[in-house]
Structure formats: structure tokens, C-alpha cells
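Got your viewer open? Let's take a short walk, from the overall view down to a couple of helices.

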Amino acid sequence: MIELQALTRDFDKHRAVDAVSLIVAEGELLILLGGSGSGKTTTLKMINRLIEPTSGKVLLFGEDVCAMKAFELRRRIGYVFQRIGLFPHLTVAENVGITPDLLGWDRLRISARVDTLLELVELDPSVFRDRRPDALSGGQAQRVAVARALAAEPRVMLLDEPFGALDPLTRDRLQQSFLRIRRQLRLTAIFVTHDVMEAILLGDRIAVMRDGRVVQTGNARELIHSPADESIRQLISAPLRQSETAAALLRPPRGTP
Amino acid sequence: MIEQLQLLPGYLGAHLGLTLAALLVGIVVSVPLGILVTGSRRLEPFILGTASLIQTIPSLALLAFMVPALAALGAQSIGYLPALIGLCFYSMLPILRNTVVGLSNLDPAVTEAAQSVGMTPRQQLLRVELPLALPVIIAGIRTATVWTVGTATLSTPVGAPSLGNYIFSGLQTRNYTSVLVGCIAAAALALVLDALVRAIELGLRRRRRVLWAGSLCVLTGLALWPLTNVLRAVTIHEETTVRIGGKNFTEQYILTRILGRSITAATGRPARLIESLGSTVAFDALRRDQIDVYVDYSGTLWTTVLERADKPESRAAVIEDIRLGLQPFGVELVATLGFENAYALAMPRPQAERLHIRRVSELLPHAQAMTLGSDYEFFQRPEWTSLKQTYNLTFRELRSMDPALMYEAVRSGGVQVISAFSTDGRIASYDLRVLDDDRGAIPPYDAIILVSARFSRNNPDVINTLRSLAGRIDAARMRSMNASVDEKGLSPGEAADAFLQAQAPR
């Protein structure tokens, strides 16, 4: 369970995040949806303290994250981001096993864990274990990054547009894998995206952000049926309209068998 | 050639020792310093700027500057220490700069990942940042290696033996085989060390333990070799060895050997030659008890040490003034060798005859149309000031050059007059006329043997040997010995032997 209480962050004189309060229930996936500059990434990074809050609090299972050592906190939270950030000088197995290694697990346990995780993200350990990151495709690299984030069995995951840089087909496959993994592991997760379709497909609940504030929280159905304002209705309905148009265009013309 | 190669282990070992020690200090200081300042908005430009500034100082000047700087601190001011410190400064910049560049150009995504997986700042540095910056840092170390090997040849003039001994003494005695041996050995050493550092990097990057550990072992082995030399030098009792200093021109290379061989023959004590020293470096070394004996010239001491600008009465009066004047420095004048090696203006005989020039005063009407060529020192020296003022002498142009090139220049007509040394063998072989200093502007330059007072007290046997050399070398003999080296290709050692054999009592 994650609780944000009036979380605020200023950069110089600009307020990037303005008193955001949210509660994410255990096992829930919350989407932070918003355009660039809406404060969604800054909000996310304050949870694992890649950015320190100016004021406000983050509670992780009731504990104030600012009272913990930053590196200990981060070992308890899986983090996946768009630019992937695999360590180029380490093999896939070493990348995945890094947090367990930092936690002092023994070799055999790490090795077994790495194989389990590679299978979980649908990469054959015998093929990929000893590869270097530069020998992976974008989709494979992001699968490895997901495995790395999950390695130390975190109960919480933070994802910052993890599939944003992938081609649509790969993105679709990774989204499906991620949904399966999340259910399997009963993860609590916060997922940042600007892609409304992704938000609708993956999220249990969506928090829409604009100018550093949360403007509305609810599931996709609530957002479209009782939007807080016109722009939210527009935002949520746009992809639906697009997919209906696309479906119509793809329907066979009348008169053909 | 064989004689040159016999010297190789000693010079190469010393060179290697200096280079590796300077590199080690460079790495140990620069890498942590680079880590410390990276990302600091104030420190990074300041430290890099300072390092670049040091790098722009000409290397010879930097090394030479270490001599008075260390002397002011009361430390050993000639030999290994000033050379090492100068070289350390030189090896630092490329390593420092590349450490900073390597660490600040990391992919921010990787740094963010390192934080997010739960690394402490120290773990980030050791597990991610340094390994990724390593190729750039090693490139810096390789640059430093090649620079340091090259610059270490300049340790010779500050009194540390190196491959530069081949080059400096070869240039002075016109032994180009020697120069070539020095250059080739230095180049080969640079290539070998560079290849070893590269092998260590490859081994680390490709995780081939055999490669990096093997290369490291070879490097360590190379470092141990000069170390054994140092140990041996320390274990040989210093008191028995007589340390003979020498300046950086042919005559001095011969005289150090005459002194050394005479002492060894008479007392059985080994002599160590510390050669190619700059003119004032030698006196400072004696004063600070870092050499025991060397040959200097009365006029030089009269002007530079006693700082006298007046015209001396006679040769003997100058010697007496020096004998007294050096006492406060703890330096003792033992004997005059019997010849004078004065600065003198010289010009090709045919021109001198055509223009009827025998004396400096007869040069005056022509000087304004002439160029005066000289060694690096002369125009800075009081002798030149005195010459200028006494005769009211002005030339069209003044040019400093290497003494060896100066004679070629006056022969080919590049310059019309040179400041020669009166014992130089090339005066005869280039058919030059030495112009008479008819107004006595330049003091006499008797060659004199100087020892430190401490050495004189404790070593009466050596002093007696040195006294026995008094008056034994006249100007003609010195000139012919110089010519035998400069013109006939004898080594300074052979010239010294020839002299001692001719002198030996029958």
C-alpha cells in the first residue's frame, strides 16, 4: 500500500508537483496519466526518492520513505523506465541479479532467481543469460529491465512509460506479459503514461494529472461517464473515437461477399 | 656503438624507474582527484585549468624549476627527486582530464538505473561509473605514459640519469650514434609500456584474467628492476664513492673522466659521474653536498656567484678573490688545471683578414651589419652585458642556438660572429679567429677544481690526487682533447685515457 500526502516539489521557482494526495491499495495498479510537464514522472520519482520532495509525505506500507535510507528503500521497490538503463558492461544475468547481489544473496540463489525471472519475462535463460545488453533488441532489453526490477521480490513497482519507446506490436506483447506477471505476483504498482489507450487497458484506476495536480481519479468507466471537466471527457474519448473510426475503415465494403 | 650499448642497462633502468614512479604517482593522485571534482561546478574547472596551465609550461623549464624550488624547501635539489616531481606533474593532466571526461559523459539512464536498483553512492562509483569510464581513463594513462617516457629524457640536466644522457652528451660531443641510441631506446620503451597498459585494459574489459594479470606482472617486474638498482646504490656506502659533477659540454665530459680515473687509480675509490648538469645547477649541487667535486671556471664564479661587475686586475687576483669568496658557501678551491676557457668572440679567418679585424675594438665599425650567434646562456650573462658596455657594441641581430649548430652557422654564413669558448677544438677545425678582448671586458676563465669543504676535510687522499692535477692541462692540450672528441669521434672516456697515459710517470 502506497499513500501520498500533499506531495509537493519545486524546481527553482516552478512548482512541478503541487500537493498530490493519492492512495494505492495493495495489489492495485494505478495509472498516472498526463501530458508532458504534468508532473507525473516527478511524482513517481519522489516515491523511490530519485527526487526528494519539497514537502509532503510518502508512506510505503505505513512507513515514511524519507525516514529510510534511500538505497535500502530502492532495493524494496522495482523501477522500470523508458530509457531502460541496462548496465552495458554486465551480462543479462548480472543485470537481473544486481539487486539480490547488493542484498547479499548467495550465488546459487541469485542464479536460480535469474533463470526464474528470465522465464517469467519470456526469455530463454540458456540463450540470454550470458548476452551483453548491446546484443538485445529494444523489446528484449525492456523485458530484461522488468526482470531486473522484479529480482529482489519487491511488493511494489514503479513504471515510467516503460513501453513508450517500443514499436506497437512489441508494446502490445509486453503489455500482455506485464498484465500476466502483475496478476501472478499480486504487485502493487504505479504506472506513468501519456498514452490513454494504455491507461485504459492496464489500469485498475487512473489518476489524471495536469499542471502538477491530480484533477480526477477513477476507473476508465467513471472517467468517461462522469468526467470532472470537458477536457477530461475529450482526453478519454479520443482513443475510443479513433478505434471506432479505424474499425469502420477496416470493415469490408458493402456488396462484397 | 658497443660502448654505447654497455651504458644501456643503467640509463634504461633509471629512465624506467623515473617513468613508472611518475606514472604511479600520477594515477594514485589524479584518479581520486578526478572522481572528487567531477560534477563540482567550482572545483572541476579550477582543477582542470590548473592542470592545463602546468602542462603549458615547457617541460625542460618545469623540471629545471624544481631544482631551486626544492632547494628553497631544503630538500634534495638535484637528481632523482626534482626529476620525479616534475614528471609527476606532467603525468597528472591527461589522467585527471580523462577521469573527469570519462565520469561526466556517462549515459544518464545508466546512472539512474544504478540508483534505482539500490546502489549506495560508493557502489555506483565502483560497480558502474568507474568500470564504464575505464576505457577513457586508460586512454589518459596511455597518453601520460608516452608523454612521461619522452619528458623523462629531460631529467638529465637536473642530475637524474636517464636515456636523455645519450641525447644530451651525444649532441654536445657530436656523437650522433649516441643520440640515436637514446631516441630509439626511448621510443621503444614508450611503445612497450603503452602496449602493456593497453593489454591490461583489454584484459579487464574482456574479463581475461590471464591477459590483465600477466601484463600487470610484467609491468611490476619492470618496476622492480630499477628498484634493485636503487637498493644497490643505497647499500654501496656513499662515503667511499666520490661523486663527480659535470656540466653539459664536451670539455666537461672529458674532465669528469680525467678526475674520476685519476682518483680511482690513486686511491682505489669508485667514482660516480653526475653529468650534463646546467651551469648553476652544478654549483648549487656542490654547495648542498649533493656532489663532491667538479670543475668550474673562475670568470663564471666571479660574475654569477660573487656577482662582481668590476674589471679584475689579473688572473691570479680573480683566483684569490674566488678562493676567499667561496668559503662562506662551504666550497673550497683545490687547484687550477692550467688552462683558460673564456667566452670569446670568433669569426671566420678569411673574413677577419679581409676586414682587418684582430681585436673586438676593430669589429666595432662592422658589427651593425653582422649577426652574432651564441649558446642559450650567453645573452643572459654578465659577460655579454660587460662586452656590450665596454665596447658600446651593437649587432644587427642576436641569435641563440645550440652550441653544436653555432659553428655550422658561422661557417655557412648564417651568422657572422659567434661567442665561442677559447678551448673549443672547433676553433681550429673551422678555421676561426678568436678576437682579442683588448679592453678587458671579459674576466679570465681559469678552469678550477672545486670541492665541498666537508668532503675536503674527510678525504685528504682524494684532495692530494686532485692537487696533483694542478697546472697539468694547458689550453692547447684541452683544445686538442676537445677536438679529438668533437672532430675525430673519440669518446670522452678514450680522450681521458689518452691524456692519463701520456701523463703517466715512466
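How many positive and negative side chains does chain B have, and how far apart do the centres of the two sets lie? Color chain B by charge: there are 46 positive and 42 negative side chains, with the two centres 6 Å apart. Keep in mind that this is a predicted model.

Now switch to cartoon and take in the whole of chain B. You'll find 23 helices and ten strands, and the C-alpha atoms fill a box of roughly 90 × 55 × 45 Å along the principal axes. Of the chain's 506 residues, 51% are buried. Turn on the surface for chain B: about 22400 Å² is accessible, and carbon and sulfur atoms own 60% of that.

Next, select residues 403–412 of chain B, which is helix α18. Show its side chains and look for the buried ones: Pro403(B), Ala404(B), Met406(B), Tyr407(B), Ala409(B) and Val410(B). What do they pack against? Add α8 (164–172), β5 (343–348), β6 (371–374), β8 (417–421), α19 (426–429) and β9 (432–434) of chain B to your selection, and you have the partners. Step just past the helix to Gly413(B), where phi is positive, near 90°.

Last stop: select 475–486 and 492–503 of chain B, helices α22 and α23. Their axes are 9 Å apart and the packing angle is about 145°; the crossing is right-handed. Zoom in on the contact: from α22(B) come Arg477(B), Met481(B), Ser484(B) and Val485(B), and they meet Pro492(B), Ala495(B), Phe499(B) and Gln503(B) of α23(B).

Definitions and conventions:
Residues are numbered from 1 along each chain as its sequence is written. Chains are lettered from A and ligands numbered from 1 in the order in which they are written. This is a predicted model: local features need pLDDT of at least 70, side-chain atom pairs count only at pLDDT 80 or more; totals for chains, interfaces and linings use all residues. Side-chain values use heavy atoms; hydrogens and water are left out. Helices (H or I, at least four residues) and strands (E, at least two) are DSSP runs, numbered from the N terminus. Buried means under 20% relative accessible area, exposed over 50%, partly exposed in between (1.4 Å probe, protein chains only). Accessible areas come from the Shrake-Rupley method with a 1.4 Å probe; for residues, only the protein chains shown count as cover. Lys and Arg count as positive and Asp and Glu as negative; His and the chain ends are not counted. The place of a charge is taken as NZ of Lys, CZ of Arg, CG of Asp or CD of Glu. Axes are lines fitted to C-alpha atoms, for helices over the stretch in contact, and angles run from 0 to 180 degrees between N-to-C directions. A crossing is left-handed if the near helix is turned anticlockwise from the far one by less than a right angle, and right-handed if clockwise. Contact means heavy atoms within 4.5 Å.
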